[in-house]
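Colleague: Please take a close look at the charged side chains of this model, and then set them beside the aromatic rings. I should like one connected account.

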Amino acid sequence: MTITELIEETGFTLATKNVETEKEIEGAYCGDLLSWVMGNGEPGQAWITVQVHMNAVAVAKLREFSCIILADDASITEEVIAKAEEENLAVIESHIPMFETAKALVELGI
């Protein structure tokens, strides 16, 4: 499933407007402890988190995640959005808690 398809199926919101959204999502990883995510996340996964700062963008690029999904209405600043766009990293906003966000992806076969 692509990022575009995920957004269409879930109603989540794309925070980054100027990024590629046809990347395939090859699984998902949930976590907020950045060192743990760096050690355990896999390339191509969607990273579900509430981390909304520059280091999250760096971790997502390092692990080659397909996108970041911010759960639980976590607010992201324009500065972080700009950095994610610079890195061509899709950031998606979910209004539901992390568990329900992950459940939605599982129900879609991710």
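Modeller: A patch of negative charge on the surface brings together Glu5, Glu8, Glu9, Glu20, Glu22, Glu24 and Glu26. The model is a predicted one. One member of the patch, Glu22, can be placed in the chain: glutamate 22 belongs to the loop that runs between strand 1 (13–14) and strand 2 (28–30). Its relative accessible area is 49%, so glutamate 22 is classed as partly exposed, since the exposed class begins over 50%.

Side chains of opposite charge can pair when their charged atoms come close. Across the whole structure, the search returns 2 salt bridges. In one of them, lysine 83 is paired with glutamate 86, and the closest N and O atoms are 3.2 Å apart. Both residues, lysine 83 and glutamate 86, are part of helix 4 (residues 78–86), where a separation of 3 residues corresponds to about one turn of the helix. Lysine 83 also meets the side chain of glutamate 87 in a salt bridge, with an N to O distance of 3.3 Å. Lys83, Glu86 and Glu87 are thereby linked in a network of salt bridges.

The accessibility of each member of this network can be stated in turn. Lysine 83 has a relative accessibility of 27% and therefore counts as partly exposed. Glutamate 87, at 27% relative accessibility, counts as partly exposed. Glutamate 86 reaches 60% relative accessibility and so counts as exposed.

The aromatic rings give another view of the model. The count comes to 1 aromatic pair. This pair is formed by tryptophan 47 and phenylalanine 65, whose ring centres are 5.6 Å apart; because their planes stand at 35 degrees, the pair is tilted. For that class the angle must be neither under 30 degrees, which would count as stacked, nor over 60, which would count as edge-to-face. Distant parts of the chain are linked by the pair, with the two positions 18 residues apart: tryptophan 47 is in strand 3 (residues 46–49), and phenylalanine 65 is in the loop between helix 3 (54–62) and strand 4 (67–70).

As for the accessibility of the two partners, tryptophan 47 has a relative accessibility of 0% and so counts as buried. Phenylalanine 65 is likewise buried, its relative accessible area being 4%. The limit that applies here is a relative accessible area under 20%.

Note on methods
Residues are numbered from 1 along each chain as its sequence is written. This is a predicted model: local features need pLDDT of at least 70, side-chain atom pairs count only at pLDDT 80 or more; totals for chains, interfaces and linings use all residues. Side-chain values use heavy atoms; hydrogens and water are left out. Rings of Phe, Tyr and Trp (its six-membered ring) pair if their centres lie within 6.5 Å; planes under 30 degrees apart count as stacked, over 60 as edge-to-face and the rest as tilted. Helices (H or I, at least four residues) and strands (E, at least two) are DSSP runs, numbered from the N terminus. Buried means under 20% relative accessible area, exposed over 50%, partly exposed in between (1.4 Å probe, protein chains only). A salt bridge is a side-chain nitrogen of Lys or Arg within 4 Å of a carboxyl oxygen of Asp or Glu. Patches are made of residues with over 30% relative accessible area and no salt bridge: like charges are joined within 9 Å, nonpolar side chains (Val, Leu, Ile, Met, Phe, Trp, Tyr) within 5 Å. Accessible areas come from the Shrake-Rupley method with a 1.4 Å probe; for residues, only the protein chains shown count as cover. Lys and Arg count as positive and Asp and Glu as negative; His and the chain ends are not counted. The place of a charge is taken as NZ of Lys, CZ of Arg, CG of Asp or CD of Glu.
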